[in-house]
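Please open the structure in your viewer and keep the selection panel at hand. The stops below each ask you to select something and then look at what is there.

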Amino acid sequence: MMQGRVVLVTGGTGALGAAVALGALEAGATAIVTYRDARDQDALLARAPLGARERLHGIQADVTDAESVRRLVEAVTARHGRLDALVNTVGGFAAGDLLATDERAWDAMLRLNLRSAYLCCRAALPSMLAAGRGRIVNVASRSVVPPTGGFLAYTVAKAGVIALTQALAREVRGRGVTVNAVLPSTMDTEANRRAMPSADRGGWVAPESVAHAILFLASDAAADVTGTLLAV
């Protein structure tokens, strides 16, 4: 249900973003990923199926910077003439209760998780509305519903992503554009294994499983699904 579609995956060289990008390629879509380090783009390209590599493109971008995001979306639409789906996987995590969270940590979590999603949604939306169709999928977190203590800035940022998703879904309802979010529990990634070496990984979820949910929401099959928070 994604044959010929153009999908922009921010953070597409990370664990989740890569799973989304590779899954989009397998579904017949063209995948554009953002990256900061060219080596990450090269590593992702090496993982792509040989017959699909011509449909994988990377663009160096800082998705927390408005001008960089504007140029990113312009580059995508100039090259491909369309933008069918935006998947925002850029984000970060930091632990700390209120007293342990200084202003720098607070700002960093909001910038990485919420500002990036806001800027990319704002940049991508006009072309989708003009086309009368589009899919936006944001990534929040199951651990912030309901909010829990111990990682306050992250919790507030991801709760903001949820509010952004639901409000934007209402704003564009009936105009062919859907806006949804997935809420993964802890994902089984190398970074999380390093950060929590003694944790019980029995309940962790594979990035590929989260990617399957994202790709459903980004597909034609989810044309009537909007404003949904899909827990994985």
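The tour goes from a pocket to a helix, then to one leucine and finally to two cysteines.

Before selecting anything, keep in mind that this is a predicted model.

**The largest pocket**

Select Thr89, Gly91, Gly92, Met187 and Thr189, which are the closest to the centre of the largest pocket among the 44 residues that line it. The space in this pocket comes to about 1400 Å³. To see which elements surround it, colour α1 (15–26), β2 (30–35), α2 (38–47), α4 (103–131), α5 (152–171), α6 (190–195) and α7 (207–217), each of which gives two or more residues to the lining. If you then colour the lining by class, you should find 20 nonpolar, 16 polar and eight charged residues.

**Helix α5**

Next, select α5, residues 152–171, which is one of the elements that contribute to the pocket lining. Its 20 residues should span 28 Å at 1.5 Å a residue, and the C-alpha atoms at its ends are 28 Å apart, so the expected span and the model agree. Now show the side chains of its buried residues, which include Tyr154, Lys158, Val161, Ile162 and Leu168. Around them, display α4, β5 (134–139), β6 (177–183) and β7 (229–231), because the buried residues of α5 pack against these elements.

**Leucine 72**

Move on to leucine 72, which lies in helix α3, residues 66–80. Is this leucine buried or exposed? Leucine 72 has a relative accessible area of 2%, and therefore counts as buried. Show Leu8, Thr34, Ile59, Ala61 and Val63 together with it, since these are the residues that leucine 72 contacts once its neighbours within four places in sequence are left aside. For a distance to check in the viewer, draw a line from the C-alpha of leucine 72 to that of isoleucine 32: the two residues are 40 apart in sequence, and these atoms are 9.9 Å apart in space.

**Cysteines 120 and 121**

For the last stop, select cysteine 120 and cysteine 121 and show their sulfur atoms. Why is there no bond between them? The sulfur of cysteine 121 is the closest cysteine sulfur to that of cysteine 120, yet it is 7.2 Å away, which is too far for a bond, given that a disulfide needs the sulfur atoms to be within 2.5 Å. The count of disulfides is accordingly zero. Cysteine 120 counts as buried at 2% relative accessibility, and cysteine 121 also counts as buried, at 3%.

Methods: Residues are numbered from 1 along each chain as its sequence is written. This is a predicted model: local features need pLDDT of at least 70, side-chain atom pairs count only at pLDDT 80 or more; totals for chains, interfaces and linings use all residues. Side-chain values use heavy atoms; hydrogens and water are left out. On a 1 Å grid over the protein atoms alone, a cavity is a set of points where a 1.4 Å probe fits but cannot get out, and a pocket is an open set with protein on both sides within 12 Å along at least five of seven lines; lining residues have an atom within 4 Å of a point. Grid points are joined across faces, edges and corners, and a volume is the space filled by probe spheres set on the points. Helices (H or I, at least four residues) and strands (E, at least two) are DSSP runs, numbered from the N terminus. Ala, Val, Leu, Ile, Met, Phe, Trp, Tyr, Cys and Pro count as nonpolar, Asp, Glu, Lys and Arg as charged, and the others, Gly among them, as polar. Buried means under 20% relative accessible area, exposed over 50%, partly exposed in between (1.4 Å probe, protein chains only). Contact means heavy atoms within 4.5 Å. The expected span of a helix is 1.5 Å times one less than its number of residues.
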